[in-house]
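Here are some exercises to help you find your way around a new structure. Keep the 3D view open, try each task on your own, and then read the solution step by step.

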Amino acid sequence: MTQVEAPAWTPMSAEEREAFDRDGYIIVPSVLSESEIEAGRTAILGYYEKAKAEGTLSATGALHQLSPIAHVPELAFLLDHPKAFKYIWSLLGWNIHVYHSHIDVHPQLHEKQKEWWHWHQDGGRQNREIETDPRPMMSVKLAYWFSDVSETGRGNFTVLPGSHKTNWLPGPPSRGVPWPQPEGAVQITANPGDLVVFDRRIWHARSDNYSDITRVGAFFGYTPRWIVIRDEVADLPNRPEWAGLNDVQKQLLGGFGNGDGDHQWGHYPETTPLYGVLKERGLLDSSIPALIP
């Protein structure tokens with residue numbers, strides 16, 4: 001199983017934090033090496049071909065697979081890739097796990113699609129049941145690119161900059177009604193190996209891919225461990241590849257605490273792997289003190 005040679009751990013910069021707070025996202029170039037791009041792309045497309053053979057792709061031939069580590073364990077190195085993961089612990093701290101993740105493959109569309117309203121904030125019922133305005137961040141997502149989306153029209157990740165502090169976006173009465181894109185929407189362009197870090201609250205959508213380049217990406221959403229994991233990872237500790245993961249990766253996949261709610265609430269930092277790693281490196285955020293059990 002692929003593991004990454006870890007460079008020195010450093011937090012996100014003040015400039016990056018300022019841009020993230022202002023826009024709701026940042027683009028980080030060249031996070032993945034050429035070999036990592038090849039490994040990730042090969043693994044995702046290999047699974048895509050398997051899904052194609054099994055007839056489980058969408059009507060347009062696209063793949064949107066949740067819980068990717070359960071299906072493509074070769075991608076586990078993306079969970080805590082040091083050049084990307086620093087944005088997660090910088091923004092969310094140490095008591096975290098991956099609660100929602102997916103891989104996506106979108107080949108060329110040959111027919112013009114209706115402008116369905118796909119704009120949304122991540123979090124599902126969090127956006128119905130939390131009453132503050134704006135709602136809290138609660139989750140940060142990493143989007144790794146394994147295809148060339150350096151030009152628009154390639155199924156680009158599309159955002160409304162600064163909208164992460166807006167609870168409501170004017171739109172159609174239901175998602176199935178054709179509706180124009182919101183004013184100010186931006187298609188993010190990126191090269192293979194680039195990373196987009198984004199606040200779950202930013203209003204975003206996927207644009208249609210009319211190019212001859214197949215769109216390939218992997219998305220990992222992180223949140224405090226007291227929010228339940230959506231991904232289907234309960235069986236991972238019973239699989240042989242589990243032994244090849246490091247302790248932080250196991251934490252991110254729900255493998256620490258043995259169902260103990262107090263552990264997930266952060267009452268036992270000394271047995272939470274990421275806490276130990278950050279403490280050893282002097283990177284714990286003093287403004288977020290550990291709970292005393």
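**Exercise 1. Find the partners of strand β4.**
Task: How many bridges join β4 to β7, and how many join β4 to β9?

Solution.
- Start with β7: β4 is joined to this strand by 5 bridges, and the two run antiparallel. To locate the pairing, look for K141, which stands opposite F198 in β7.
- Please keep in mind that you are looking at a predicted model.
- Now turn to β9: here 6 bridges make the link to β4 (residues 140-145), again in an antiparallel arrangement. A handy marker is Y144, which stands opposite A218 in β9.

**Exercise 2. Place β4 in its sheet.**
Task: What is the order of the strands in the open sheet, and which strands stand at the edges?

Solution.
- The sheet has 6 strands, in the order β1-β7-β4-β9-β3-β2, with antiparallel pairing.
- At the edges are β1 (25-28) and β2; each has a single partner strand, so one side of each is left without a neighbour in the sheet.
- From one strand to the next, the twist averages 15°.
- Helix α4 packs on this sheet and touches β1, β3, β4, β7 and β9, with a direction that makes about 170° with that of β4.

**Exercise 3. Look at the two faces of β4.**
Task: Which residues of β4 are buried on one side, and which on the other?

Solution.
- Begin with a general rule: side chains in a regular strand alternate between the two faces of the sheet.
- Apply this to β4: V140, L142 and Y144 lie on one side, while K141, A143 and W145 lie on the other, and all are buried.
- Both faces of β4 are therefore covered. The count agrees, with 6 of its 6 residues buried.

**Exercise 4. Explore the largest pocket.**
Task: Which residues are closest to the centre of the largest pocket, and which element gives the largest share of its lining?

Solution.
- The space in the largest pocket comes to about 1300 Å³.
- Its lining has 48 residues, and those closest to the centre are H118, W119, H120, R175 and H204.
- Two or more lining residues come from each of β2 (63-66), β3 (96-106), α5 (126-129), β8 (204-206) and β9 (215-224). The largest share belongs to β3, with 5 residues.
- Sorted by character, the lining has 18 nonpolar, 19 polar and 11 charged residues.

**Exercise 5. Follow the chain into helix α8.**
Task: Is T272 buried or exposed, and what covers the buried residues of α8?

Solution.
- Find T272 in the loop between α7 (261-264) and α8.
- Its relative accessibility is 2%, and the cut-off for buried is under 20%, so T272 counts as buried.
- Leaving out residues up to four places away in sequence, T272 touches W94, R225, Q251 and H263.
- Move on to α8 (residues 273-280), where P273, L274, Y275, V277 and L278 are buried. Their cover includes α4 (82-92), β3 and α6 (247-252).
- After α8 comes G282, with a positive phi near 70°.

**Exercise 6. Compare two serines and spot a special peptide bond.**
Task: Which of these is buried and which is exposed, S30 or S67? What kind of peptide bond joins D133 and P134?

Solution.
- First, the background: most residues other than glycine have a negative phi, and most peptide bonds are trans.
- S30, in the loop between β1 and α2 (34-54), has a positive phi of about 55°. With a relative accessible area of 54%, S30 is exposed.
- S67, in the loop between β2 and α3 (68-71), has a positive phi of about 50°. With a relative accessible area of 6%, S67 is buried.
- The bond between D133 and P134 is cis, with omega about 0°. P134 sits in the loop between α5 and β4.

**Exercise 7. Trace the contacts of N191.**
Task: Which residues does N191 touch, not counting those up to four places away in sequence?

Solution.
- Look in the loop between β6 (186-187) and β7 (195-199), where N191 lies.
- N191 is partly exposed, at 38% relative accessible area.
- The residues touched by N191, beyond those up to four places away in sequence, are W145, S147, D148 and S150.
- N191 and F146 are 45 residues apart along the chain, and their C-alpha atoms are separated by 7.9 Å.

Definitions and conventions. Residues numbered from 1 in each chain as written. Predicted model: local features only at pLDDT ≥ 70, side-chain atom pairs only at ≥ 80, totals over all residues. Heavy atoms only, no water. 1 Å grid on protein atoms, 1.4 Å probe; cavity = no way out; pocket = protein on both sides within 12 Å on 5 of 7 lines; lining within 4 Å. Points joined across faces, edges and corners; volume = space filled by probe spheres on them. Helix = DSSP H or I, 4+ residues; strand = E, 2+ residues; numbered from the N terminus. Nonpolar A, V, L, I, M, F, W, Y, C, P; charged D, E, K, R; others polar. Buried < 20%, exposed > 50% of the residue type's maximum accessible area, 1.4 Å probe, protein only. Contact = heavy atoms within 4.5 Å. Pairing = 2+ DSSP bridges. Axes fitted to C-alpha atoms, helices over the stretch in contact; angles between N-to-C directions.
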